[in-house]
Amino acid sequence: ELFTHPLILPCQHSVCHKCIRELLMLNHDDSFDAGSECSLPGSPRSRVPSPSMERLDRLVRSASVRRSFGSRGRRSVTPRITTIPCPGCQHDIDLGERGISMLFRNFTLENIVERYRQAARAAVAIMCNVCKPPQVQEATKSCMDCKASFCNECFKLNHPWGTPKAQHEYVGPTTNFRPKVLMCPEHEMEKVNMYCEVCKRPVCHLCKLGGAHANHKVTSMSSAYKILKEKLAKSIHYLISKEDQVKAQITGLESLINQTEENGQLAERRANEHFERLFETLQERKTEMLRSIEQSRSRRLDQLKGQVEEYQGMLENSGLVGYAQEVLKETDQSCFVQTAKQLHVRIQKATESLRTFHPAADPCFDEFVLETSREETLLKEMCFGGVPDPPLIDLSSSRVYNEANIHWRLSEDSLPTDHHVLEYRRQGDGDDGSTWRSTERVYGPSTSVSGLEPDCLYSFRVRSSRNSMFSPYSPEVTFHTPPAPAFGFLFNDKCGFSTERLILNKRRDTVESVAGMGFLLAADRVQTGSYLGLDYIIGDTGISQGRHFWAFRVEPYSFLIKVGVASDTKLVEWFHNPRDTSSPRYDHDSGHDSGSEDTCYELSQPFTLLTLGMGKVFIPKASSSSSVCSVSAAGDHGSRILPMPQRMGICLDYDACRVYFYDADSMRCLYERQVDCSGTMYPAFGLMGSGKVQLEDFSTAKRLTF
């Protein structure tokens, strides 16, 4: 059906006002029967009276108000639903608390539909709304202000020259009277007169002054109209100019369709031929094996039947026994001796056979039992792709702490698989396959492994299965677990957090430093060499015992960032002392090389911060309470400036009063130092200038779940 009063969804698809209300399952009292009209001119549904534009706008703007009143004044009979699937792209659209009142009406689409309707019912005239019957004339104009259609005479009578009505806007005959201006959905009495370039939608001046678009870049509606119209015209012109190319591509696609059809039929015929050959081979083998069974059965039956006849001769009055009884009646001695000698030999053989009775043939056919389990397995595993390709473990997405989150991927041209199996082992447990431990079947591209021991090397490998046939193992990858369990925390947005210069995301796992008003006001002091202040932010969870490890990323463009730990007493001093805490002579870990500072640096402090910036790690001078780890010292010949790793890790041993700084990718210790753990210790970060810190997933997952 044609659209009726379409609304624009955030995904830029349109949906009828009535349809979206049905999707939201609102009460019948609030329902609005706008009646979608059929595209056929004679359809009965096209005669359903459509509501006025004013009523529609009131309903659209007051929908959320009525819903909230209904929830306060009476018990709602339907659930409150604000999320619907877009009919165009099936993406979930969250309308929020304002519901459909946040959506704009698509006036452009309304005009297109109206032009289509007028073309479809060109033979049906629109009559004048003022003429008195029976002499009703055909309308020639429609006034958008009066919202009525007029013939020429009635239009002149109702819009005389020299009156305000003469200034009314009129168009050709129509039944679609829409508002002349677009109203703001946030401020219902304000017209939209600006365009937000960030949100890509029209806004009013109140939205820019104090609304959701206060800090967004906006432009005038005329400028946006001109720019967007030029872009759309250029895009349309480009498509029109590429018409020959599009036709050629369509021809190519049609050729591909024919090839696909032919190749598919050919593959089907070949598969049928293979199966027919299998059926023929199976039938031939079946005939041969059944023939061998029949031959063995006949041979055994003949042997057993012959033995039966032989034993029947031993019965009295029949066979051998009967003949022997008749011979005993012979009185002629010479004749008896001549016959009895051979007869006695036969009787002895029969007697011996009776004593050692054994069937002439075995009735058991065990040697003819057919074992087809292997063949059945092969038939079940029969597939087009054969053995699946081995997957590859994604090192960039995999993370290993006291739990491992391993990701893998298949080659782009590989066929789908049924499931995967991940295997892992701790290095040092032996090199034979018996030490590998496997997970349950995994039906996705990742899985987690728990119970890993700290400060150990673990190897991982994975293989895929399709139709009960396993792929080769992926290349083994090795991860080093951190020296302590992962510590879960988020950034604290309450204690000492500077909203002017620090931006914290909604998940509170990423903080970014930006130049704010304070930096601009201090511009005159910058010229005189005055120090700028560090903006500190801490974790929302403290440590009072045990060993803990956390990891994070520092963006390479960051100017200066300090990372480490600090006690609650030191944090109070940082956040409430009016002195310039960023001065090199105020904090002993700033890297300043004055003699007085080095003297104080020997003491155990209730904080330790390591300096990062411009893609480098600056190691403080070693002292009796600190040391540069041997691995980094040997690799950099004692240099105090190291390349900044992609991921940094910190391990705090509260009981031993020591803090360690690691390259979290290789778990290489870069620096360690003694720290005074007399109070509750918190992860601490200090930012100056532009910079960004993002906590690792395993450091935030526990807190986010909570």
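This is a short dialogue on reading strands and a helix in a predicted model.

Student: Let's start with the small sheet. In what order do its three strands lie?

Tutor: Generally, strands of a sheet pair through backbone hydrogen bonds, in either a parallel or an antiparallel way. Here the sheet is open, its order is β7-β6-β8, and the pairing is antiparallel. Because β7 (148–150) and β8 (170–171) stand at the edges with a single partner strand each, one side of each has no neighbour in the sheet.

Student: How many bridges link β6 and β8?

Tutor: Two bridges join β6 (residues 141–143) to β8. One contact to look up is C143, whose bridge partner in β8 is Y170.

Student: Now β31: are its residues buried or exposed?

Tutor: Buried means under 20% relative accessible area. In β31 (residues 658–663), six of six residues are buried. On one side you find R658, Y660 and Y662, and on the other V659, F661 and D663, so both faces are covered.

Student: Which strands pair with β31?

Tutor: β30 (residues 648–653) runs antiparallel to β31, with six bridges, and there G649 has Y662 as its bridge partner. β32 (residues 668–674) also pairs with β31 in the antiparallel sense over six bridges, with Y660 opposite E672.

Student: What do the hairpins show between the strands?

Tutor: Each hairpin has four residues between its strands. C657 takes a positive phi near 60° in the hairpin of β30 and β31, and M667 takes one near 55° in that of β31 and β32.

Student: Finally, what span should helix α7 have?

Tutor: At 1.5 Å a residue, the 70 residues of α7 (residues 243–312) should span 104 Å, and the end C-alpha atoms are 102 Å apart, which agrees. Its buried residues, including A271 and R300, pack against α9 (333–355).

Technical notes: Residues numbered from 1 in each chain as written. Predicted model: local features only at pLDDT ≥ 70, side-chain atom pairs only at ≥ 80, totals over all residues. Heavy atoms only, no water. Pairing = 2+ DSSP bridges. Expected span 1.5 Å × (residues − 1). Buried < 20%, exposed > 50% of the residue type's maximum accessible area, 1.4 Å probe, protein only. Contact = heavy atoms within 4.5 Å.
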